[in-house]
Amino acid sequence: MKRPILIHPDPRLKKVCAPVADLSDDLRKLADDMLVTMYEAPGIGLAAPQIGVLSRLIVLDCVKEDGETPRPVAMFNPEVIASSDETNTYEEGCLSIPDQYGEVTRPKVIDVRWMDRDGNEQTETFDGLWATCVQHEIDHLNGKLFIDYLGAMRRQMITRKMQKLKREMTRT
Ligand code: ZN
């Protein structure tokens with residue numbers, strides 16, 4: 001089931017999310033809903049707070065080429081356990097900040113540990129777009145948005161645009 005995505009500014013996007021203690025069918029269903037919502041948007045990553053659920057859960061699929069096999073991943077309690085000194089700069093966007101983009105520099109390669117949907121611990125090394133996406137989504141779990149990496153002027157400009165967009169959305 002597709003869920004509505006919260007648009008910045010929203011207090012729920014600024015909260016530190018709670019760890020997932022026990023996996024349940026409800027949480028697996030939530031992960032499925034998030035993947036449906038992400039693919040429909042369309043986007044390459046989504047964090048639970050973006051649909052108003054303040055739990056440490058992210059989903060992503062950074063396979064973008066047509067004809068390549070999709071790789072939907074759901075990560076419960078994801079954690080970056082190592083990151084490279086080498087960095088990468090990507091033009092980032094966010095489903096909670098539609099049509100706004102900004103360059104963000106982050107470690108290029110990261111090791112991530114998480115619990116999968118069966119409750120098993122997974123560890124994997126991510127590089128390039130996958131690494132950027134995982135870091136962007138984990139930031140959401142800590143109440144941080146990509147615009148927090150931009151200058152104050154640019155951040156305020158984007159926030160004002162989003163406030164205007166939200167006013168327009170409630171009017172229709
Ligand atoms: Zn985002």
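**Zinc site and strand pairing**

Along the sequence, the residues that donate to the zinc ion follow the spacing C-x41-H-x3-H. The model is predicted. Its zinc ion is coordinated by Cys94, His136 and His140, and the two histidines belong to helix 2. Strand 6 pairs with strand 3 and is also joined to strand 7.

**Zinc site**

- Cys94 coordinates the zinc ion through SG, while His136 and His140 each do so through NE2.
- These contacts to the zinc ion span 2.1 to 2.3 Å.
- Helix 2 covers residues 128-141 and holds both His136 and His140.
- Within helix 2, His136 and His140 are 4 residues apart, which is about one turn of the helix.
- His136 and His140 are both buried.

**Strand 3 with strand 6**

- Strand 3 takes in residues 73-83, and strand 6 takes in residues 109-115.
- The pairing of strand 3 and strand 6 is antiparallel, with 5 bridges.
- Phe76 has Met115 of strand 6 as its bridge partner.

**Strand 6 with strand 7**

- Strand 7 consists of residues 121-127 and runs antiparallel to strand 6, with 7 bridges joining them.
- Opposite Trp114, in strand 7, stands Gln122.
- Strand 6 and strand 7 form a hairpin with 5 residues between the strands.
- In this hairpin, Gly119 adopts a positive phi near 85 degrees.

Technical notes:
Residues numbered from 1 in each chain as written. Predicted model: local features only at pLDDT ≥ 70, side-chain atom pairs only at ≥ 80, totals over all residues. Heavy atoms only, no water. Pairing = 2+ DSSP bridges. Donors = N, O, S within 2.8 Å, 3.2 Å for Na, K, Ca; no water. Buried < 20%, exposed > 50% of the residue type's maximum accessible area, 1.4 Å probe, protein only.
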